[in-house]
Amino acid sequence: MRGRTDRQLGADFYDRMHSEIAPSVTRTRYDGLFRKIVENIRGRGSRSVLEVGCGSGFLAKMILQEYGCAYRGFDFSAEAVRNAGSRTGRPDLFFVGDALDSRSYAGDYDTIVCTEVLEHVDLDLEVIQRWRDGSWCICSVPNFDYAGHVRFFNRNEEVMARYRGAIDIEEVVKIPRPIVPDRRISTYLRNLRWSRNNPSEFLGFLGIQTFSRLGGWFLFFGAKGNGGKSGW
Ligand SMILES: C[S@@+](CC[C@H](N)C(=O)[O-])C[C@H]1O[C@@H](n2cnc3c(N)ncnc32)[C@H](O)[C@@H]1O
(Lines give C-alpha, C1' and ligand atoms only; values in the text may rest on other atoms or scores of the structure.)
Protein backbone atom coordinates (compact mmCIF):
# COMPACT_ATOMS: atom_id res chain seq x y z
CA MET A 1 0.00 0.00 0.00
CA ARG A 2 2.97 2.32 -0.53
CA GLY A 3 3.64 4.44 -3.62
CA ARG A 4 7.01 4.56 -5.37
CA THR A 5 7.18 8.34 -4.93
CA ASP A 6 7.11 7.82 -1.19
CA ARG A 7 7.17 11.54 -0.50
CA GLN A 8 4.46 14.14 -0.34
CA LEU A 9 4.85 16.93 -2.90
CA GLY A 10 4.12 20.63 -2.40
CA ALA A 11 1.74 23.05 -4.13
CA ASP A 12 4.45 24.07 -6.65
CA PHE A 13 4.43 20.55 -8.12
CA TYR A 14 0.64 20.71 -8.60
CA ASP A 15 0.85 24.26 -9.97
CA ARG A 16 3.07 22.91 -12.75
CA MET A 17 0.73 19.95 -13.33
CA HIS A 18 -2.36 22.15 -13.61
CA SER A 19 -0.62 24.72 -15.82
CA GLU A 20 -0.25 21.97 -18.45
CA ILE A 21 -4.02 21.38 -18.68
CA ALA A 22 -5.36 23.30 -21.67
CA PRO A 23 -8.59 25.26 -21.12
CA SER A 24 -10.01 23.50 -24.21
CA VAL A 25 -9.89 20.05 -22.54
CA THR A 26 -13.44 18.87 -21.90
CA ARG A 27 -13.11 15.13 -21.43
CA THR A 28 -10.85 13.26 -18.99
CA ARG A 29 -10.19 9.68 -18.02
CA TYR A 30 -12.06 10.45 -14.77
CA ASP A 31 -15.41 11.14 -16.44
CA GLY A 32 -16.88 7.70 -15.58
CA LEU A 33 -15.79 8.09 -11.95
CA PHE A 34 -17.19 11.63 -11.79
CA ARG A 35 -20.52 10.53 -13.28
CA LYS A 36 -20.91 7.98 -10.46
CA ILE A 37 -20.21 10.75 -7.95
CA VAL A 38 -22.89 12.99 -9.42
CA GLU A 39 -25.32 10.03 -9.25
CA ASN A 40 -24.40 9.53 -5.60
CA ILE A 41 -24.88 13.21 -4.76
CA ARG A 42 -28.25 13.19 -6.53
CA GLY A 43 -29.36 9.94 -4.84
CA ARG A 44 -28.40 11.39 -1.50
CA GLY A 45 -30.19 14.67 -2.17
CA SER A 46 -27.14 16.73 -1.22
CA ARG A 47 -27.84 20.42 -0.78
CA SER A 48 -24.31 21.81 -0.50
CA VAL A 49 -21.05 20.24 -1.61
CA LEU A 50 -17.54 21.15 -0.49
CA GLU A 51 -14.89 19.68 -2.79
CA VAL A 52 -11.48 19.08 -1.21
CA GLY A 53 -8.59 19.30 -3.71
CA CYS A 54 -10.89 20.34 -6.56
CA GLY A 55 -8.06 20.39 -9.12
CA SER A 56 -8.87 22.05 -12.44
CA GLY A 57 -12.64 21.91 -11.92
CA PHE A 58 -13.73 19.00 -14.12
CA LEU A 59 -15.94 17.41 -11.47
CA ALA A 60 -17.18 20.82 -10.31
CA LYS A 61 -18.37 21.57 -13.83
CA MET A 62 -20.25 18.26 -14.02
CA ILE A 63 -21.88 18.82 -10.61
CA LEU A 64 -22.95 22.35 -11.51
CA GLN A 65 -24.28 21.35 -14.95
CA GLU A 66 -25.93 18.05 -14.09
CA TYR A 67 -27.11 18.48 -10.51
CA GLY A 68 -26.92 22.12 -9.61
CA CYS A 69 -26.77 22.21 -5.79
CA ALA A 70 -24.73 24.78 -3.88
CA TYR A 71 -21.06 24.06 -4.48
CA ARG A 72 -17.64 25.33 -3.28
CA GLY A 73 -14.23 23.87 -3.96
CA PHE A 74 -10.69 24.48 -2.79
CA ASP A 75 -7.19 23.33 -3.61
CA PHE A 76 -3.77 24.34 -2.32
CA SER A 77 -2.64 24.92 -5.93
CA ALA A 78 -3.48 28.48 -6.97
CA GLU A 79 -3.14 27.36 -10.61
CA ALA A 80 -5.79 24.67 -10.06
CA VAL A 81 -8.13 27.21 -8.48
CA ARG A 82 -7.66 29.57 -11.44
CA ASN A 83 -8.37 26.76 -13.91
CA ALA A 84 -11.46 25.64 -12.00
CA GLY A 85 -12.83 29.17 -11.95
CA SER A 86 -12.43 29.64 -15.68
CA ARG A 87 -13.55 26.12 -16.59
CA THR A 88 -16.86 26.59 -14.75
CA GLY A 89 -17.19 30.34 -15.35
CA ARG A 90 -17.68 30.67 -11.56
CA PRO A 91 -14.38 31.85 -10.00
CA ASP A 92 -16.39 32.96 -6.95
CA LEU A 93 -16.97 29.30 -5.99
CA PHE A 94 -13.28 28.41 -5.57
CA PHE A 95 -10.57 29.33 -3.09
CA VAL A 96 -6.98 28.44 -2.29
CA GLY A 97 -6.83 26.35 0.88
CA ASP A 98 -4.97 23.47 2.46
CA ALA A 99 -6.88 20.28 3.25
CA LEU A 100 -5.08 20.12 6.60
CA ASP A 101 -6.16 23.63 7.60
CA SER A 102 -9.43 23.70 9.60
CA ARG A 103 -10.22 27.14 8.15
CA SER A 104 -10.76 25.53 4.73
CA TYR A 105 -13.91 23.89 6.17
CA ALA A 106 -15.64 27.01 7.47
CA GLY A 107 -19.11 27.60 6.05
CA ASP A 108 -22.03 25.33 5.23
CA TYR A 109 -21.79 21.94 3.58
CA ASP A 110 -23.60 18.65 3.98
CA THR A 111 -21.42 16.72 1.53
CA ILE A 112 -17.65 16.43 1.12
CA VAL A 113 -16.23 15.25 -2.19
CA CYS A 114 -12.56 14.30 -2.26
CA THR A 115 -11.36 12.46 -5.35
CA GLU A 116 -7.75 11.47 -5.96
CA VAL A 117 -6.40 13.62 -3.13
CA LEU A 118 -6.02 11.44 -0.01
CA GLU A 119 -3.27 9.36 -1.63
CA HIS A 120 -1.24 12.56 -2.10
CA VAL A 121 -1.22 13.48 1.59
CA ASP A 122 0.88 11.83 4.30
CA LEU A 123 -1.64 12.81 6.99
CA ASP A 124 -4.75 11.75 5.05
CA LEU A 125 -6.59 10.63 8.20
CA GLU A 126 -6.02 14.05 9.76
CA VAL A 127 -7.58 15.61 6.67
CA ILE A 128 -10.74 13.54 7.22
CA GLN A 129 -10.73 14.43 10.94
CA ARG A 130 -11.34 18.05 9.93
CA TRP A 131 -14.56 17.22 8.07
CA ARG A 132 -17.81 17.92 9.90
CA ASP A 133 -19.23 14.92 11.76
CA GLY A 134 -22.25 13.51 9.98
CA SER A 135 -21.38 15.04 6.60
CA TRP A 136 -21.79 12.68 3.66
CA CYS A 137 -18.31 11.83 2.30
CA ILE A 138 -17.59 10.68 -1.24
CA CYS A 139 -13.93 9.82 -1.83
CA SER A 140 -11.77 7.95 -4.28
CA VAL A 141 -8.25 6.52 -4.13
CA PRO A 142 -6.29 4.73 -6.88
CA ASN A 143 -4.94 1.20 -7.34
CA PHE A 144 -1.79 2.41 -9.13
CA ASP A 145 1.31 4.44 -8.40
CA TYR A 146 1.94 7.86 -9.91
CA ALA A 147 3.97 10.99 -9.25
CA GLY A 148 2.83 12.50 -5.95
CA HIS A 149 1.17 9.32 -4.63
CA VAL A 150 2.36 8.45 -1.14
CA ARG A 151 0.20 5.31 -1.15
CA PHE A 152 -2.16 3.31 -3.33
CA PHE A 153 -4.41 0.32 -2.70
CA ASN A 154 -4.83 -3.12 -4.19
CA ARG A 155 -7.99 -4.43 -2.58
CA ASN A 156 -11.31 -3.13 -1.19
CA GLU A 157 -10.32 -4.50 2.22
CA GLU A 158 -7.23 -2.26 2.33
CA VAL A 159 -9.39 0.80 1.65
CA MET A 160 -11.84 -0.28 4.36
CA ALA A 161 -9.03 -0.95 6.82
CA ARG A 162 -7.53 2.51 6.36
CA TYR A 163 -10.67 4.66 6.28
CA ARG A 164 -13.48 2.88 8.14
CA GLY A 165 -12.36 4.33 11.49
CA ALA A 166 -12.95 7.83 10.11
CA ILE A 167 -15.92 7.28 7.77
CA ASP A 168 -18.82 4.84 8.24
CA ILE A 169 -18.21 3.41 4.79
CA GLU A 170 -21.37 2.04 3.15
CA GLU A 171 -19.70 0.68 0.06
CA VAL A 172 -16.40 0.52 -1.84
CA VAL A 173 -16.89 0.34 -5.61
CA LYS A 174 -14.14 -0.45 -8.13
CA ILE A 175 -14.15 1.81 -11.19
CA PRO A 176 -11.79 0.66 -13.98
CA ARG A 177 -10.06 3.37 -15.98
CA PRO A 178 -11.75 3.80 -19.36
CA ILE A 179 -10.31 1.64 -22.12
CA VAL A 180 -10.77 4.42 -24.69
CA PRO A 181 -11.02 7.80 -22.91
CA ASP A 182 -11.47 9.71 -26.18
CA ARG A 183 -13.96 7.10 -27.52
CA ARG A 184 -12.09 6.81 -30.83
CA ILE A 185 -11.81 3.41 -32.47
CA SER A 186 -8.39 4.45 -33.84
CA THR A 187 -7.11 4.97 -30.25
CA TYR A 188 -8.49 1.59 -29.24
CA LEU A 189 -6.81 -0.22 -32.14
CA ARG A 190 -3.53 1.61 -31.48
CA ASN A 191 -3.61 0.59 -27.80
CA LEU A 192 -4.24 -3.03 -28.76
CA ARG A 193 -1.36 -2.94 -31.25
CA TRP A 194 1.04 -1.35 -28.76
CA SER A 195 0.16 -3.81 -26.01
CA ARG A 196 0.45 -6.92 -28.16
CA ASN A 197 3.72 -7.92 -26.48
CA ASN A 198 2.30 -7.41 -23.01
CA PRO A 199 -0.39 -10.10 -22.53
CA SER A 200 -1.75 -8.61 -19.29
CA GLU A 201 -2.19 -5.13 -20.78
CA PHE A 202 -3.63 -6.62 -23.98
CA LEU A 203 -6.29 -8.52 -21.99
CA GLY A 204 -7.02 -5.34 -20.03
CA PHE A 205 -7.70 -3.47 -23.26
CA LEU A 206 -10.03 -6.31 -24.28
CA GLY A 207 -12.03 -5.59 -21.12
CA ILE A 208 -10.77 -8.61 -19.16
CA GLN A 209 -9.92 -7.63 -15.55
CA THR A 210 -9.35 -4.07 -16.74
CA PHE A 211 -9.31 -2.71 -13.17
CA SER A 212 -6.36 -4.81 -12.02
CA ARG A 213 -4.53 -4.89 -15.37
CA LEU A 214 -4.82 -1.24 -16.47
CA GLY A 215 -5.69 0.55 -13.25
CA GLY A 216 -8.68 2.23 -11.71
CA TRP A 217 -10.14 3.84 -8.63
CA PHE A 218 -11.81 2.72 -5.43
CA LEU A 219 -14.84 4.94 -4.90
CA PHE A 220 -16.16 4.87 -1.34
CA PHE A 221 -18.80 6.76 0.52
CA GLY A 222 -20.44 7.06 3.91
CA ALA A 223 -21.13 9.46 6.76
CA LYS A 224 -18.21 11.07 8.58
CA GLY A 225 -17.81 9.01 11.73
CA ASN A 226 -20.68 9.52 14.08
CA GLY A 227 -21.89 5.96 14.21
CA GLY A 228 -23.52 6.02 10.78
CA LYS A 229 -26.12 8.71 11.53
CA SER A 230 -25.66 11.43 8.96
CA GLY A 231 -27.39 14.14 10.99
CA TRP A 232 -28.94 16.00 8.04
C1 LIG B 1 -4.63 14.10 -8.72
S2 LIG B 1 -5.19 15.72 -8.38
C3 LIG B 1 -6.95 15.45 -8.26
C4 LIG B 1 -7.74 16.68 -8.58
C5 LIG B 1 -9.26 16.50 -8.57
N6 LIG B 1 -9.76 16.16 -7.27
C7 LIG B 1 -9.66 15.43 -9.56
O8 LIG B 1 -10.11 14.35 -9.16
O9 LIG B 1 -9.52 15.69 -10.77
C10 LIG B 1 -4.74 15.99 -6.67
C11 LIG B 1 -5.11 17.37 -6.21
O12 LIG B 1 -4.96 17.45 -4.81
C13 LIG B 1 -4.44 18.73 -4.52
N14 LIG B 1 -3.83 18.65 -3.18
C15 LIG B 1 -2.83 17.85 -2.77
N16 LIG B 1 -2.55 18.06 -1.47
C17 LIG B 1 -3.40 19.03 -1.04
C18 LIG B 1 -3.61 19.69 0.20
N19 LIG B 1 -2.86 19.38 1.28
N20 LIG B 1 -4.58 20.62 0.28
C21 LIG B 1 -5.33 20.93 -0.80
N22 LIG B 1 -5.18 20.36 -2.02
C23 LIG B 1 -4.24 19.40 -2.14
C24 LIG B 1 -3.46 18.99 -5.64
O25 LIG B 1 -3.15 20.35 -5.80
C26 LIG B 1 -4.23 18.44 -6.83
O27 LIG B 1 -5.03 19.40 -7.45
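This is a short chat about a predicted model of a protein chain with a ligand.

Visitor: What does the secondary structure of the protein chain come to?
Guide: The protein chain has nine helices and seven strands. Remember that this is a predicted model.

Visitor: What does the C-alpha trace span along its principal axes?
Guide: It spans about 55 × 40 × 35 Å.

Visitor: And how does the radius of gyration fit a compact globule?
Guide: It agrees with one. The chain has 232 residues, so a compact globule would come out near 17 Å, and this chain has 18 Å.

Visitor: How much of the chain is buried?
Guide: Buried residues make up 38% of the 232.

Visitor: What about contacts between residues far apart in sequence?
Guide: Take the contacts with a separation of 6 or more. Of those, 70% join residues 24 or more positions apart.

Visitor: Let's do the sheet. What's the strand order?
Guide: The order is β3-β2-β1-β4-β5-β7-β6. The sheet is open, and its pairing is mixed.

Visitor: Which strands stand at the edges?
Guide: β3 (94-96) and β6 (167-176) do. Each has a single partner strand, so one side of each is left without a neighbour in the sheet.

Visitor: How much are neighbouring strands turned against each other?
Guide: By 20 degrees on average, direction ignored.

Visitor: Back to β6. How many bridges join it to β7?
Guide: Nine bridges join β6 to β7 (residues 216-224). The two strands run antiparallel. Within that pair, Glu 171 stands opposite Phe 221 of β7.

Visitor: Which strands does helix α2 touch?
Guide: Helix α2 (residues 31-44) packs on the sheet and touches β1, β4, β5, β6 and β7. Its direction makes about 170 degrees with that of β4.

Visitor: And where does α4 lie?
Guide: α4 lies across β2 (70-75) and β3. It runs at about 170 degrees to β3.

Visitor: Which residues of α4 are buried?
Guide: Glu 79, Ala 80, Val 81, Asn 83, Ala 84, Arg 87 and Thr 88 are buried. Their cover includes α1, α3 (58-66), β2 and β3.

Visitor: At what angle do α1 and α4 pack?
Guide: α1 (residues 11-19) and α4 (residues 78-88) pack at about 35 degrees, and their axes are 7 Å apart. From α1, the contact uses Tyr 14, Asp 15, His 18 and Ser 19. From α4, it uses Ala 78, Glu 79, Ala 80 and Asn 83. By class, that makes three nonpolar, three polar and two charged residues.

Visitor: What comes just after α4?
Guide: Gly 89, which takes a positive phi of about 70 degrees.

Visitor: New topic. How many residues surround the ligand?
Guide: There are 19. The closest are Tyr 14, Gly 53, Gly 55, Phe 76 and Ala 99. Tyr 14 also takes part in the contact of α1 with α4.

Visitor: How does the shell divide by class?
Guide: Eleven residues are nonpolar, five are polar and three are charged.

Visitor: Where is Glu 116?
Guide: In the loop between β4 and α5 (124-129). Leaving out residues up to four places away in sequence, Glu 116 touches Ser 140 and Pro 142. From Glu 116 to Gly 55, the C-alpha atoms are 9.5 Å apart.

Visitor: Why does Glu 116 count as partly exposed?
Guide: Because it has 19 C-beta neighbours inside 10 Å, and a buried residue needs 20 or more.

Visitor: Is Arg 196 buried or exposed?
Guide: Arg 196 is exposed, because 11 other C-beta atoms lie within 10 Å and the exposed class covers 12 or fewer. Arg 196 lies in the loop between α7 (185-194) and α8 (199-205).

Note on methods. Residues numbered from 1 in each chain as written. Predicted model: local features only at pLDDT ≥ 70, side-chain atom pairs only at ≥ 80, totals over all residues. Near = placed C-beta within 6 Å. Nonpolar A, V, L, I, M, F, W, Y, C, P; charged D, E, K, R; others polar. Axes fitted to C-alpha atoms, helices over the stretch in contact; angles between N-to-C directions. Helix = DSSP H or I, 4+ residues; strand = E, 2+ residues; numbered from the N terminus. Contact = placed C-beta atoms within 7 Å. Rg over C-alpha atoms; globule rule 2.2 N^0.38 Å. Pairing = 2+ DSSP bridges.
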